Amino acid sequence: MDKKAKEKVLKKAYDLAFKYEEKYGGCGQCVMAALQDAFDRPNPDTFKSLSGYAGGGATVGDAGCGAYVAGILFLSGLKGRERDNFADPERLRFESFATARKLHRKFIDDFGCVICREMQMKLFGRPYYLPDADEMKKFLDAGGHTTHCPDVCGKAARWAAEIAIDDGLISEEQLKELAK
């Protein structure tokens, strides 16, 4: 494997996700956009479908981190069960589960959890209820969209990209082309 090409793509995934979260917010969409751009795999419908998934789902914090969810969606989009093969006799969904668990492990190792509110406790020392304007201001003042969440998004995109490359979901030829 071309280690320089791999590192270039991983850095691009991290940098794009960080920048998108910092500029636009919406962790799920930011990670998906970064991965789609880093791998030149645009999918406007998948990007759009993550519109409501930020701040732990609907910005209430009680579900999975949007960056985590987007990483799983991206990886499953590379190799997963197709709608026209719902029965999945090849059991591709179980391969997707195993791939997703790799991303899960990275989140657990780094953050100790995958739930937004719990991640906020670790990163900020407290959770925020983002639909409340005062809480949102406190979240922003604490670095929500300047340091903490952009870094989470960057890590999620980098980790998902690394898993995609290491698991052969992206070919060596594709990797070299992407690194140009």
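**Exercise 1. Tyr14 and its partners**

In this predicted model, find which residues Tyr14 is in contact with, leaving aside its neighbours within four places in sequence.

*Solution.*
- Start by locating Tyr14, which sits in helix H1.
- Next, list its contacts beyond four places in sequence: Asp151, Gly154, Lys155 and Arg158.
- Then check the backbone: the C-alpha atoms of Tyr14 and Ala157 are separated by 5.6 Å, although these positions lie 143 residues apart along the chain.
- Finally, classify the exposure. Tyr14 has a relative accessible area of 22%, so it is partly exposed.

**Exercise 2. A lysine in H1**

Decide whether Lys6 counts as buried or exposed, and work out what it touches.

*Solution.*
- Place the residue: Lys6 belongs to helix H1, residues 3-24.
- Compare its accessibility with the cut-off: buried means under 20%. Lys6 is at 15% relative accessibility and therefore counts as buried.
- Collect the contacts, setting aside residues up to four places away in sequence: Lys6 touches Met1, Glu162, Ile165, Asp166 and Leu175.

**Exercise 3. Following H8**

Trace helix H8 from end to end: how does its reach relate to the expected value, where does it bend, and which residue follows it?

*Solution.*
- Take the reach: H8 covers residues 144-166, 23 residues in total, and spans 31 Å from first C-alpha to last. That is close to the 33 Å expected at 1.5 Å a residue.
- Look for a bend: at Pro150, H8 turns by about 35 degrees.
- Step past the end: Gly168 follows H8 and has a positive phi, near 75 degrees.

**Exercise 4. Two positive phi values**

Compare Ala58 and Asp88: where is each one found, and is each buried or exposed?

*Solution.*
- Recall the background: most residues other than glycine have a negative phi.
- Read the angles. Ala58 has a positive phi near 60 degrees, and Asp88 has one near 55 degrees.
- Place them. Ala58 is in the loop between helix H3 (44-49) and helix H4 (66-78), while Asp88 is in the loop between H4 and helix H5 (92-111).
- Judge the exposure. Ala58, at 51% relative accessibility, counts as exposed, whereas Asp88, with a relative accessible area of 2%, is buried.
- Add the contacts of the buried residue: beyond four places in sequence, Asp88 meets Arg81 and Arg93.

**Exercise 5. From H5 and H6 to the core**

Describe how H5 and H6 meet, then use Phe107 to walk into the largest nonpolar core.

*Solution.*
- Begin with the geometry: the axes of H5 and helix H6 (residues 116-124) come within 11 Å and cross at roughly 35 degrees.
- Name the residues: Phe107, Asp110 and Phe111 in H5 meet Met119, Lys122 and Leu123 in H6. By class, this contact has 4 nonpolar, no polar and 2 charged residues.
- Widen the view from Phe107. Outside four places in sequence, its contacts include Cys65, Ala67, Tyr68, Val152, Ala156 and Trp159.
- Move to the core, which has 47 residues; Phe107 is among the members touching the most others, along with Val31, Leu35, Phe39, Ala67 and Ile170.
- Assign the core to elements: H1, helix H2 (27-38), H4, H5, H8 and helix H9 (172-178) each give two or more residues. H8 gives the most, with 10 residues.
- Look for a separate group: another core, of 5 residues, lies apart and includes Phe124, Leu130, Phe139 and Cys149.

Methods:
Residues are numbered from 1 along each chain as its sequence is written. This is a predicted model: local features need pLDDT of at least 70, side-chain atom pairs count only at pLDDT 80 or more; totals for chains, interfaces and linings use all residues. Side-chain values use heavy atoms; hydrogens and water are left out. Helices (H or I, at least four residues) and strands (E, at least two) are DSSP runs, numbered from the N terminus. The expected span of a helix is 1.5 Å times one less than its number of residues. The bend at a residue is the angle between axes fitted to the seven residues ending there and the seven starting there. Buried means under 20% relative accessible area, exposed over 50%, partly exposed in between (1.4 Å probe, protein chains only). Axes are lines fitted to C-alpha atoms, for helices over the stretch in contact, and angles run from 0 to 180 degrees between N-to-C directions. Contact means heavy atoms within 4.5 Å. Ala, Val, Leu, Ile, Met, Phe, Trp, Tyr, Cys and Pro count as nonpolar, Asp, Glu, Lys and Arg as charged, and the others, Gly among them, as polar. A nonpolar core is a set of buried Ala, Val, Leu, Ile, Met, Phe, Trp, Tyr and Cys residues joined through side-chain atoms within 4.5 Å.
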